[in-house]
Amino acid sequence: MNSELLLIGIIFTGVGMFMFFFPPKNINMFFGYKTSSSMKNQESWDFAQTYSAKRMIEAGIITILLSISTYFIPINGNWITPIIIFASIIYILYTTEKALKKS
């Protein structure tokens with residue numbers, strides 16, 4: 001089992017849950033999902049915080065499952081962890097920005 005990947009999945013899930021239950025109330029530069037589209041107005045900010053938190057939880061759970069799967073399907077090389085982390089971040093950004101454009 002890839003313990004680094006498992007830890008990343010747990011962190012993504014934990015941070016996502018924290019952000020879902022305790023989203024930042026006001027637009028700020030320190031905490032939350034911060035892009036130009038999410039900081040456009042308060043409505044966009046509130047939507048982006050909840051939406052991105054859900055996507056982060058999903059990415060975390062998928063990462064945990066992928067980590068567990070490496071126990072059964074051994075993968076050689078250290079390249080898998082950074083690729084999955086990068087893909088998770090892209091997933092969160094892409095889906096949230098797409099949803100912001102629709103709202």
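Modeller: Contact means heavy atoms within 4.5 Å. The model above is predicted.

Colleague: Leaving aside neighbours within four places in sequence, which residues is Ser88 in contact with?

Modeller: Start with its place: Ser88 is found in helix H3. Neighbours within four places in sequence do not count here. What remains in contact with Ser88 is Phe12, Ala59 and Thr63.

Colleague: Is Ser88 buried or exposed?

Modeller: Buried means under 20% relative accessible area. Ser88 has 8%. That value falls under the cut-off, so Ser88 is buried.

Colleague: Let us step back. How many helices and strands are in the chain?

Modeller: From the N terminus on, the elements run α-α-α. The count is therefore three helices and zero strands.

Colleague: What does the C-alpha trace span along its principal axes?

Modeller: The chain has 103 residues, and 35% of them are buried. Along the principal axes, its C-alpha trace spans about 45 × 25 × 20 Å.

Colleague: Of the contacts with a separation of 6 or more, what share comes from residues 24 or more positions apart?

Modeller: One such pair is Met19 and Ala53, 34 residues apart in sequence, and Met19 touches Ala53. Over the chain, pairs 24 or more positions apart make up 68% of the contacts with a separation of 6 or more.

Colleague: How far does H2 reach from its first C-alpha to its last?

Modeller: H2 has 31 residues. At 1.5 Å a residue, 45 Å is expected. The reach in the model is close to that, at 46 Å.

Colleague: Which residue caps the N-terminal end of H2?

Modeller: Look for a side-chain oxygen by the backbone nitrogen of Glu43. The two atoms lie 3.1 Å apart. The side-chain oxygen belongs to Asn41.

Colleague: How far apart are the end C-alpha atoms of H3?

Modeller: H3 has 23 residues. At 1.5 Å a residue, the expected span agrees with the model. The distance between the end C-alpha atoms is 33 Å.

Colleague: What do the buried residues of H3 pack against?

Modeller: The buried residues of H3 include Ile80, Ile84, Ser88 and Ile92. An α-helix has 3.6 residues a turn, so residues three or four places apart point the same way. The partners of the buried H3 residues are helix H1 (3–21) and H2.

Colleague: Now the largest pocket. Which elements give two or more residues to its lining?

Modeller: The pocket holds about 160 Å³ of space. Its lining is Met19, Phe31, Gly32, Tyr33, Ser52, Ala53, Met56, Ile89, Ile92 and Leu93. The elements that give two or more of these are helix H2 (42–72) and helix H3 (80–102).

Colleague: By class, how many charged residues are in that lining?

Modeller: Eight lining residues are nonpolar. Two are polar. As for charged residues, there are none: the lining has no charged residues.

Colleague: Which residues does Met19 touch, not counting those up to four places away in sequence?

Modeller: Met19 lies in helix H1, and the residue lines the largest pocket. At a relative accessible area of 8%, Met19 is buried. Its C-alpha lies 5.7 Å from that of Ala53. The residues touched by Met19 are Phe31, Gly32, Tyr33, Gln49 and Ala53.

Colleague: Which residue's backbone oxygen does the side chain of Ser52 reach?

Modeller: Ser52 sits in helix H2 and is buried, with a relative accessible area of 5%. Away from its sequence neighbours, Ser52 is in contact with Tyr33, Ile92 and Thr96. Its side chain comes to 2.7 Å from a backbone oxygen, that of Ala48.

Colleague: Is Arg55 buried or exposed?

Modeller: Arg55 also has its place in helix H2. Beyond four places in sequence, Arg55 touches Tyr91, Ile92, Thr95 and Thr96. Its relative accessible area is 12%, under the 20% cut-off, so Arg55 is buried.

Colleague: How far apart are Arg55 and Ser88, C-alpha to C-alpha?

Modeller: In sequence, the two are 33 residues apart. In space, their C-alpha atoms are separated by 9.0 Å.

Colleague: And what separates the C-alpha atoms of Tyr51 and Ile85?

Modeller: Tyr51 is in helix H2 and is partly exposed at 22%. Tyr51 is in contact with Thr95, Thr96 and Ala99, sequence neighbours aside. Ile85 is 34 residues from Tyr51 along the chain, and their C-alpha atoms are separated by 19 Å.

Terms used:
Residues are numbered from 1 along each chain as its sequence is written. This is a predicted model: local features need pLDDT of at least 70, side-chain atom pairs count only at pLDDT 80 or more; totals for chains, interfaces and linings use all residues. Side-chain values use heavy atoms; hydrogens and water are left out. On a 1 Å grid over the protein atoms alone, a cavity is a set of points where a 1.4 Å probe fits but cannot get out, and a pocket is an open set with protein on both sides within 12 Å along at least five of seven lines; lining residues have an atom within 4 Å of a point. Grid points are joined across faces, edges and corners, and a volume is the space filled by probe spheres set on the points. Helices (H or I, at least four residues) and strands (E, at least two) are DSSP runs, numbered from the N terminus. Ala, Val, Leu, Ile, Met, Phe, Trp, Tyr, Cys and Pro count as nonpolar, Asp, Glu, Lys and Arg as charged, and the others, Gly among them, as polar. Buried means under 20% relative accessible area, exposed over 50%, partly exposed in between (1.4 Å probe, protein chains only). A polar contact is a pair of N or O atoms within 3.5 Å; within protein, one must be able to donate a hydrogen and the other to accept it, and residues adjacent in sequence count only if both atoms are side-chain atoms. The expected span of a helix is 1.5 Å times one less than its number of residues.
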